[in-house]
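Visitor: I'm new to this one and would like a close look at a single part, the parallel strands and what lies around them. Could you walk me through it slowly?

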Amino acid sequence: MLPSVNKGAHGRKRANWDICFVTFISRTGCPPTGDNEENRANNMVQDNCVVHVDKSFPVEIGDYVTIGHGAIIHGCKIGNNTLIGIGAIIQNGAIIGKNCMIGAGAVITQNIQVPDNTVMVGCPAKAIREVTEKEIASNRSNAEEYIIEGKNSLGSQPACISHDW
């Protein structure tokens with residue numbers, strides 16, 4: 001399901017977040033923070049994450065993505081079924097492929113393109129190997145488990161809360 005689009009705080013387009021569970025929302029902490037954000041369905045954005053855009057760098061997050069606690073997602077694209085580790089930083093213009101694993105604390109520098117099925121670790125991050133079929137399945141089941149947990153705890157409440165600050 002594609003997200004619907006509304007006007008953000010600065011008059012630019014912002015996608016409504018579908019089934020996305022954010023475990024902590026603050027004015028400067030978690031999505032949606034403003035304009036030019038597109039998030040598809042079935043994602044988990046954990047506590048104290050920052051999702052930020054720049055004028056020329058929108059944020060696009062694919063389906064079944066898990067973003068670990070304290071990660072910074074800044075003007076980048078993240079492919080389907082990808083895991084972003086705790087405290088990872090993804091900088092402007094970076095493109096993360098599908099089925100990737102970005103290690104805890106990794107820094108993906110500006111304009112880096114990470115191929116599909118790649119494990120990246122370090123600062124700056126380097127590819128260390130390809131993701132296994134078992135890890136691809138684990139990324140998906142991890143996101144699905146968070147979706148079930150979120151639905152159970154939210155009941156009929158909306159999954160994501162959007163504010164025009």
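Guide: Let's start from the outside: the chain exposes about 8200 Å², and carbon and sulfur atoms supply 53% of that area. Keep in mind that what you're looking at is a predicted model. Of the chain's 165 residues, 43% count as buried. There are 18 strands and 1 helix in the chain. If you take the contacts between residues at least 6 apart in sequence, 21% of them join residues at least 24 apart.

Now for the part you asked about. Four strands line up in an open sheet, in the order β6-β9-β12-β15, and their pairing is parallel. β6 (50–52) and β15 (107–108) are the edge strands; each has a single partner, so one side of each is left without a neighbour in the sheet. As for what holds such neighbours together, strands of a sheet pair through backbone hydrogen bonds, either parallel or antiparallel. Go to the β6 edge and you'll find it paired with β9 (residues 72–74) over 3 bridges, in the parallel sense. A handy spot to look for is His52, which stands opposite His74 in β9.

Right beside His74 in the sequence is Ile73, and that one takes us into the nonpolar core. The largest such core has 24 residues, and those touching the most other members are Ile67, Ile73, Ile78, Ile84, Ile90, Ile102 and Ile108. Click on Ile84 to see how this works: setting aside neighbours within four places in sequence, Ile84 is in contact with Ile67, Ile73, Ile78, Ile90 and Ile102, among others. Thr66, Gly68 and Ala71 are also in contact with Ile84.

A couple of loops around here deserve a pause. As a rule, most residues other than glycine have a negative phi, and most peptide bonds are trans. Tyr64, in the loop between β7 (59–61) and β8 (66–67), has a positive phi near 55°. Tyr64 is at 17% relative accessibility, so it counts as buried, the cut-off being under 20%. Asn99 is another residue with a positive phi, about 60°, although it is not a glycine. You'll find Asn99 in the loop between β13 (95–96) and β14 (101–102), and with a relative accessible area of 13% Asn99 is buried.

For a contrast with the parallel sheet, follow the chain on to β17 (118–122) and β18 (125–130). These two run antiparallel and are joined by 5 bridges, with Gly122 partnered by Ala125 in β18. A hairpin of 2 residues links β17 to β18. Pro124 sits in that loop, and the peptide bond between Cys123 and Pro124 is cis, with omega about -5°.

Last stop: the salt bridges, of which the count is 2. Arg129 forms one with Glu135, their closest N and O atoms being 2.7 Å apart. Glu135 counts as buried at 19% relative accessibility, whereas Arg129 is partly exposed at 38%. Another is formed by Arg140 and Glu144, with closest N and O atoms 2.9 Å apart. Both of those lie in helix α1 (residues 133–154), 4 residues apart, about one turn of the helix. Here both partners count as partly exposed, Glu144 at 34% relative accessibility and Arg140 at 36%.

Conventions. Residues numbered from 1 in each chain as written. Predicted model: local features only at pLDDT ≥ 70, side-chain atom pairs only at ≥ 80, totals over all residues. Heavy atoms only, no water. Pairing = 2+ DSSP bridges. Core = buried A, V, L, I, M, F, W, Y, C linked by side-chain atoms within 4.5 Å. Buried < 20%, exposed > 50% of the residue type's maximum accessible area, 1.4 Å probe, protein only. Contact = heavy atoms within 4.5 Å. Areas by Shrake-Rupley, 256 points an atom, 1.4 Å probe, with all protein chains shown as cover. Salt bridge = Lys/Arg side-chain N within 4 Å of Asp/Glu carboxyl O.
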